[in-house]
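User: Hey, I've got a structure to go through and I'm new to this. Can you walk me through it?
Analyst: Sure, here it is. Ask away.

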Amino acid sequence: MTDPSAYISAHIQERLASEAHELGIRVDVRGGVVHLRGQVASEEQRRDVEEAARAAAEGHRICNELSVFEVREPDREERIS
(Lines give C-alpha, C1' and ligand atoms only; values in the text may rest on other atoms or scores of the structure.)
Protein backbone atom coordinates (compact mmCIF):
# COMPACT_ATOMS: atom_id res chain seq x y z
CA MET A 1 0.00 0.00 0.00
CA THR A 2 1.88 3.12 -1.20
CA ASP A 3 -0.89 5.74 -0.99
CA PRO A 4 -0.60 7.42 2.45
CA SER A 5 -4.33 8.20 2.44
CA ALA A 6 -5.15 4.53 1.93
CA TYR A 7 -2.79 3.58 4.75
CA ILE A 8 -4.39 6.08 7.15
CA SER A 9 -7.87 4.95 6.11
CA ALA A 10 -6.98 1.29 6.74
CA HIS A 11 -5.42 2.19 10.10
CA ILE A 12 -8.59 4.03 11.15
CA GLN A 13 -10.80 1.12 9.99
CA GLU A 14 -8.71 -1.27 12.07
CA ARG A 15 -9.00 0.98 15.12
CA LEU A 16 -12.75 1.42 14.68
CA ALA A 17 -13.16 -2.36 14.59
CA SER A 18 -11.05 -3.00 17.70
CA GLU A 19 -12.04 -0.03 19.88
CA ALA A 20 -15.46 1.14 18.76
CA HIS A 21 -16.60 -2.28 17.41
CA GLU A 22 -17.79 -0.66 14.21
CA LEU A 23 -17.25 -2.36 10.86
CA GLY A 24 -19.70 -0.53 8.63
CA ILE A 25 -18.22 2.96 8.76
CA ARG A 26 -16.88 4.39 5.51
CA VAL A 27 -13.60 6.25 5.95
CA ASP A 28 -12.24 8.57 3.27
CA VAL A 29 -9.04 10.59 3.70
CA ARG A 30 -8.54 13.58 1.43
CA GLY A 31 -6.18 16.50 1.86
CA GLY A 32 -5.57 16.00 5.57
CA VAL A 33 -9.28 15.57 6.34
CA VAL A 34 -10.82 12.28 7.47
CA HIS A 35 -14.47 11.86 6.46
CA LEU A 36 -16.53 9.39 8.48
CA ARG A 37 -19.79 8.26 6.84
CA GLY A 38 -22.42 5.71 7.77
CA GLN A 39 -24.94 5.01 10.49
CA VAL A 40 -24.61 4.19 14.17
CA ALA A 41 -27.18 3.29 16.81
CA SER A 42 -26.60 6.11 19.31
CA GLU A 43 -25.05 9.53 19.81
CA GLU A 44 -22.56 7.92 22.23
CA GLN A 45 -21.46 5.49 19.52
CA ARG A 46 -21.09 8.43 17.13
CA ARG A 47 -18.72 10.12 19.60
CA ASP A 48 -16.81 6.86 20.24
CA VAL A 49 -16.19 6.40 16.52
CA GLU A 50 -14.98 9.97 16.15
CA GLU A 51 -12.67 9.61 19.16
CA ALA A 52 -11.17 6.35 17.82
CA ALA A 53 -10.65 7.93 14.39
CA ARG A 54 -9.03 11.01 15.96
CA ALA A 55 -6.61 8.81 17.93
CA ALA A 56 -5.71 6.82 14.81
CA ALA A 57 -5.17 9.86 12.57
CA GLU A 58 -3.26 12.41 14.64
CA GLY A 59 -2.75 15.67 12.79
CA HIS A 60 -5.80 15.17 10.58
CA ARG A 61 -9.08 17.03 10.85
CA ILE A 62 -12.08 14.75 11.46
CA CYS A 63 -15.31 15.43 9.58
CA ASN A 64 -17.94 13.35 11.36
CA GLU A 65 -20.83 12.82 8.93
CA LEU A 66 -22.25 9.80 10.76
CA SER A 67 -25.99 9.70 11.28
CA VAL A 68 -27.78 8.12 14.22
CA PHE A 69 -30.66 5.77 13.53
CA GLU A 70 -33.15 4.92 16.24
CA VAL A 71 -33.38 1.29 17.36
CA ARG A 72 -36.54 0.45 19.30
CA GLU A 73 -38.78 -2.43 20.16
CA PRO A 74 -41.77 -3.01 17.88
CA ASP A 75 -44.97 -1.51 19.29
CA ARG A 76 -47.00 -4.64 18.48
CA GLU A 77 -46.55 -8.29 17.67
CA GLU A 78 -45.77 -9.07 14.08
CA ARG A 79 -47.89 -11.77 12.44
CA ILE A 80 -46.31 -13.97 9.83
CA SER A 81 -48.64 -16.11 7.74
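User: Is Asp-75 buried or exposed?
Analyst: Asp-75 is exposed, because its relative accessibility is 76% and the cut-off for exposed is over 50%. Keep in mind that this is a predicted model.

User: Where does Asp-75 lie?
Analyst: Asp-75 lies in the segment after S3.

User: And how many Å apart in space are Asp-75 and Gln-13?
Analyst: They're 36 Å apart, C-alpha to C-alpha. Along the sequence, Asp-75 and Gln-13 are 62 residues apart.

User: What about the other end, say Asp-3? Which segment is that in?
Analyst: Asp-3 lies in the segment before H1. It counts as partly exposed, because its relative accessibility is 42%, in between the cut-offs of 20% and 50%. Asp-3 and Glu-70 are 37 Å apart from C-alpha to C-alpha, with their positions 67 residues apart in sequence.

User: OK, new topic: the sheet. In what order do the strands come?
Analyst: The order is S1-S2-S3, in an open sheet of three strands with mixed pairing. Strand S1 (26-30) and strand S3 (61-68) are the edge strands, so to speak the borders: each pairs on one side only. On average, neighbouring strands are turned by 15° against each other, ignoring direction.

User: Mixed how? Do S1 and S2 run parallel or antiparallel?
Analyst: S1 and S2 run antiparallel, joined by five bridges. Strand S2 (residues 33-40) pairs with S3 in the parallel sense, over eight bridges.

User: Which residues pair up between S1 and S2?
Analyst: Asp-28 in S1 has His-35 in S2 as its bridge partner. Val-27 stands opposite Leu-36 in S2.

User: What's in between those two strands in the chain?
Analyst: S1 and S2 form a hairpin with two residues between them. Gly-31 sits in the turn and has a positive phi of about 55°.

User: And on the S3 side, what's the bridge partner of Val-34?
Analyst: That's Ile-62 in S3. The bridge partner of Val-33 is Arg-61, also in S3. Arg-37 stands opposite Glu-65 in S3.

User: How does the chain get from S2 to S3?
Analyst: The chain crosses through H2, making a β-α-β crossover that is right-handed.

User: So where do the helices lie?
Analyst: Helix H1 (residues 4-20) lies across S1 and S2, and runs at about 150° to S1. Helix H2 (residues 43-56) lies across S2 and S3, and runs at about 155° to S3.

User: Let's zoom in on H1. Is Ser-9 buried or exposed?
Analyst: Ser-9, found in helix H1, counts as buried because its relative accessibility is 14%, and the cut-off for buried is under 20%.

User: What is Ser-9 in contact with?
Analyst: Leaving aside its neighbours within four places in sequence, Ser-9 is in contact with Val-27 and Val-29.

User: Now the nonpolar stuff. How many residues does the largest nonpolar core have?
Analyst: The largest nonpolar core has 17 residues. Among those with the most contacts inside it are Ile-12, Leu-16, Ile-25 and Val-49. H1, S1, S2, H2 and S3 each supply at least two residues of this core.

User: What does Val-49 touch?
Analyst: Leaving aside neighbours within four places in sequence, Val-49 is in contact with Leu-16, Ala-20, Glu-22, Ile-25, Leu-36, Val-40 and Leu-66.

User: Last one: Asn-64. Why does it count as buried?
Analyst: Asn-64 counts as buried because its relative accessibility is 15%, and buried means under 20%. Asn-64 is found in strand S3.

User: What lies 3.0 Å from its side chain?
Analyst: The backbone nitrogen of Leu-66 lies 3.0 Å from a polar atom of the Asn-64 side chain. Leaving aside neighbours within four places in sequence, Asn-64 is also in contact with Leu-36, Arg-46 and Glu-50.

Methods:
Residues numbered from 1 in each chain as written. Predicted model: local features only at pLDDT ≥ 70, side-chain atom pairs only at ≥ 80, totals over all residues. Heavy atoms only, no water. Pairing = 2+ DSSP bridges. Helix = DSSP H or I, 4+ residues; strand = E, 2+ residues; numbered from the N terminus. Axes fitted to C-alpha atoms, helices over the stretch in contact; angles between N-to-C directions. Contact = heavy atoms within 4.5 Å. Buried < 20%, exposed > 50% of the residue type's maximum accessible area, 1.4 Å probe, protein only. Polar contact = N/O pair within 3.5 Å; in protein donor to acceptor, adjacent residues only side chain to side chain. Core = buried A, V, L, I, M, F, W, Y, C linked by side-chain atoms within 4.5 Å. Right-handed = clockwise from strand over helix to strand, strands pointing away.
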